[in-house]
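Please examine the sequence and the three-dimensional structure shown here before reading on. The paragraphs below are intended to be read with both in view.

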Amino acid sequence: MTEWFFQRWLHMTLRLRLVLGMFVAVTAVVLVLTVVHVVEVQRRLERDLDAQATRLVTLIQQDLRATERALDAELAAFSGPRGAARALVNGRTELRVRGAQGRLVPGRIDVLKVVAADGTILSSGHWPTSFGALDPMVDTYRNQTDARAHLVEEATPQGQAPALERWVQGASGAKPIIVVAGRFLGVDALASLRERIGAHVLALCAHSAPPLSPSSTSSPSSFRDASCITDPVANDTATLTEGVHHRSIEVGGGVLWVGVDRSGIDEVLSGILLRAVLVGVLALLLAVIASVWAAQRLVQPIESLAAAAARLAAGDRGARVDTPALSGPEVRGLIEGFNGMAADLDRDQQRLLQAERVSAWQEIAQGLAHELKNPLTPILSAMEVIQKAHRLKRIDFDDILQEQAGAVIEEVMRLKELSDAFARFARLPEQKLEPLRPAELVEHALALYARHEALHVERIIDAELPTLHADKTQLMTVLSNLIKNAVEAVMEHHEPKRLRVSVARADDGVTMHIVVEDSGTGIAPEVAERLFTPYVTTKGSRGTGLGLALSLRIVQEHGGTLEAFSSAELGGARFVVRLPMPASAGPTTTEA
Amino acid sequence: MTHHPRSRALHSPGLGAPARMSLVLCLLVAVTSAHARRSQAPGGTVTVLLPEEQVPAFVEAHTHVTLMEHGPAGPGWSAPSVVGAGGFRSAAVARVEHPQPTKWVLHGRTGVSGLATSVERCFNDDARWPRQLLQAAGLTVTTTGNDTTATMVSSRALDVMPMMLTACPLLVDGGAPSGTFAAAGLRLSKRKSAFEPAPFLQAIQIVVDSANPDNRTADARSADVRAVHDDVTDVRTDTTTLLAPSPSVWVLVQNAAARAEDPLGLRTDDGLVRLQDEWRIDLLAAVYGAGRAAPTTSLLPTALAPARAVLEPPKSSVAKQPLALQPLPASAPKVRVGVQGGDALAAALVERLALLLRSRGVLLEAVSMPGEGPPPSIQLMRFVPVIDDAAISMLAFVGAALNNDEAILTSVRDARLLNADAAIRMAAALDLERSLQQQRALVPLLSVDSAVGVHPQLHGVRVLINGTPRLVDAWWTEEP
């Protein structure tokens, strides 16, 4: 993955890298700021919620104490020496069954019962009318005599509900009895607490079924299993277990679980997250716009510089870059530097060309002078012989004259030949382009200049090459020069006398090459560097020294190249002519 | 123009001139006698305290005449007899024909309209016992006819058709009053153009009883007629107490599902004995029955059934166990129990039943009846006789309480229950009572007399068999 990304990154444009980089940077900043903000807000809200829960616990404890006092007062009145409890036990059946019912005060005294020592309920006022039934809490009533109120789960039409109970043990005549009074911690209690502390109290739960376990102080695993009075606003288990901040209150005989609704926190956090997402999206949008704009400003001059450099490299010495109006000093300096460099390069090039031109002409003049000097010496000698023979009145003066005049004429003719060749070199006629088949051209040249019987000529010619658009006469001059040179080199050399001419499409697909190689002596290293310089020849007085120079110029005029190598296979020289093929004959693709 | 019923006998076909004269003289004497009694102290208003569920029946009993009346004539004015239906009287129907075992034809008295419509609506109203009886018996009745004639054709022989018509009000003009009073809310006002003679009372004011007797208003406490069961604390020493012809019986009803699941363990005699022991019906009857309730082991009260050998009380070999009030979470198994009526006795029965079920590990969910949704599998219902006939009353009750219980419906489709012979019907009713109890479909708990307290200066009040007071013939006398 990293490698893949790295490769992608390497191939990205600078503009895309800049945009991507700014995008990532802005995203990271927004993300970090959001997380920090959310964590901070959550911490603050949790502190508030904890304080709220503490206040709630205090209020509930106050409530419990007040309830204890109220229950104690009721018990004192109910079970005292003149209280109604005795009447309930000893009175008429109707009193036993309904008497306790009449003592109930909803919200103050919800539970009221008289229990015999064996656990039989003698009279009960709360639901269900349970006279004659065994009270499951009798052991607690009998054994727990501490001063604290106890949390007891009492039956309700819906199941069980926690009630805070107080009881006293007494006697009715000789019969020991237990009088129990209690108050349900029900929905009304939740509503009352909710109003007073301004938060949702979702559940009041007695954690264990009777007998209540004082040690059950761990967090309730599920309110579903516990006996809970739940606020109707959130009466489902998921809300109770996940959306509630729990606190426990130790009550005699059990634990009272209190849950404070934490949905407010979740709502606030959700709001922050929502706003953060919106701000983040906005920031990212702005970042993209800004980065595109910045990248444009930063990259555009660089792209202009790159384009100008490419033009310069391609030979456009006038390539320059305009300085953008709002560019900074760095970019402006870079562009000015490039333009200055290009101008210097142009001037140096001009100077170099001038120098090369002068140098070339110096070489040409030197060679021409040398070539001109060679015939002049025999002419001078001949003229001095003629002059001397005339002065001596030689009887064979006519013969001498005839002989020396012939030599002079020969040298003059040579001078004329030199003059013609130089004229051709100096001023090539205008090209007459026509379609030519390279194979035919090569065959024609071979037919003219490679007719020696001892010569072994090899042809490797691609017959499917496209036609060239070239000057036939000039191209024939090139081929004849190369073939003639090769034939002369081979014929002076011992066996084998081999000449190989090959014509084929180059590997680049857009050029073709004509290769002429031989088994001659090859090219001497001292000559190789100046081989295409005018008046450099290896053939002594037999050559003009302009053949290869003229051939090179013709090839260059046709947009090609001419290079000389040593033939590794045949042992002689190897000349390679590269010519561009017509555009329509470009590279062919092979489909699989 | 409305004709008074007493003039219609003059046009009865088939009577000779002497007979007609005799009949006219008899009618004149009877009407004069009735009016003489009513004219003792005409006018005045009576305030009647009623449980909410009894209000519709009370209003209908005063605003509509029934197609048939059964039983002996009352102390006041009585409707004329119906030709062709011995023992029945009617202000709306003059003659009944029974040409085939499955066919009955009613001929209305002069001026009566809507006869066929009244019968058809009555037999298709799910809330009326004729419809419930037909469902229980597996019968269908097709009614045709017009304003003055109705022809009923049943799918099987239906000899008790006149009895069923006692539950059908005469609906004239699409439901307009046909009785002696017209209702405007809870106030009934005297009507003149009725099929019966005008009543003495000018108006009747209904006061609906509060669910909690302690919350009764001053009007309720001072009502002239009090048809509530728990008025022990409001007793006036000079109140005249009238009883309905038959007590009602509180019954535990178990449908097929309840009998299969048997949450109360009633399938065995041991279970039934345990339930009866733990329920302490005797105590509840004593405390909440206001002195008018008594435990019973029979469905049919004495007023309906003759002296007979009832089922032998079940015996149990299991030692008595104390009732355990075990704690149950809200997720414990739960049984829906339908409860009919909302008086203190009903509440005590349900509360105690909740305790019994809780001791068996089951929670009780009380549902008021009639209510919406599927009927509960267990119901606490009052068996209130609809007519002074055991078979008809039981059929109607089964149709109301167990109309989806195919096993029970199969057992009650006994043709003898609808036989014309009262003795045969009674024998079948006793068999049915025994069968339902043995199947534990019905468990009788206690019988309660329907008592009506009446102001000592108010006379002529009748209490119908369903406990509804009827004041059509009532009048005030001056204080002695």
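The explanation that follows takes up confidence, then helix packing and a salt bridge, and finally some backbone details.

The structure is a predicted model, and its overall scores are an ipTM of 0.73 and a pTM of 0.61. For chain A, the mean pLDDT is 79, with 85% of the residues reaching 70 or more. Two stretches of this chain may be noted for their low confidence. Across residues 208-225 of chain A, pLDDT remains under 50, and the model gives this stretch 36 contacts beyond four places in sequence. Residues 586-592 of chain A also have a pLDDT below 50, and there the model shows 4 contacts beyond near neighbours in sequence.

Chain B has a mean pLDDT of 84, and 88% of its residues reach 70 or more. In chain B, residues 1-15 have a pLDDT below 50, with 19 contacts in the model beyond near neighbours in sequence. Residues 26-40 of chain B likewise stay under 50 in pLDDT, and for them the model has 22 contacts beyond four places in sequence.

The next topic is helix packing in chain A. Helix α10 of chain A spans residues 397-426, and helix α14 of chain A spans residues 547-557; their axes come within 10 Å and cross at roughly 20°. Angles under 35 degrees count as roughly parallel, and α10(A) is therefore roughly parallel to α14(A). The crossing of these two helices, α10(A) and α14(A), is left-handed. On the side of α10(A), the contact is formed by R424(A), F425(A) and A426(A), while α14(A) contributes A549(A), L550(A) and R553(A). Sorted by class, the contact between α10(A) and α14(A) comprises 4 nonpolar residues, no polar residues and 2 charged residues.

Helix α10 of chain A also contains a charged pair. Side chains of opposite charge can pair when their charged atoms come close. In this helix, the side chains of K416(A) and D420(A) form a salt bridge, with an N to O distance of 3.3 Å. Both K416(A) and D420(A) belong to α10 of chain A and stand 4 residues apart, about one turn of the helix. Over all chains, the structure holds 32 salt bridges.

Chain B offers a helix pair of its own. There, helix α11 (residues 390-401) packs with helix α13 (residues 422-438) at an angle of about 40°, and their axes are 8 Å apart. At this angle, α11(B) and α13(B) are therefore oblique to each other. Their crossing, that of α11(B) and α13(B), is left-handed. From α11(B), the residues A390(B), A391(B), M394(B) and V398(B) meet R425(B), M426(B), A429(B), L432(B), E433(B) and L436(B) of α13(B). The classes represented in the contact of α11(B) with α13(B) are 8 nonpolar and 2 charged residues, with no polar residues.

Two backbone details remain, one in each chain. In chain A, the peptide bond leading from W127(A) to P128(A) is cis, and its omega is near -10°. P128(A) is placed in the loop between β2 (121-124) and β3 (133-134) of chain A. In chain B, D262(B) has a positive phi of about 50°, although this residue is not a glycine. The position of D262(B) is in the loop between α7 (256-261) and α8 (269-279) of chain B.

Conventions
Residues numbered from 1 in each chain as written. Chains lettered and ligands numbered in written order. Predicted model: local features only at pLDDT ≥ 70, side-chain atom pairs only at ≥ 80, totals over all residues. Heavy atoms only, no water. Axes fitted to C-alpha atoms, helices over the stretch in contact; angles between N-to-C directions. Parallel < 35°, antiparallel > 145°, perpendicular 65-115°, else oblique. Left-handed = near helix turned anticlockwise from the far one by under 90°. Contact = heavy atoms within 4.5 Å. Nonpolar A, V, L, I, M, F, W, Y, C, P; charged D, E, K, R; others polar. pLDDT = per-residue confidence, 0-100. Salt bridge = Lys/Arg side-chain N within 4 Å of Asp/Glu carboxyl O.
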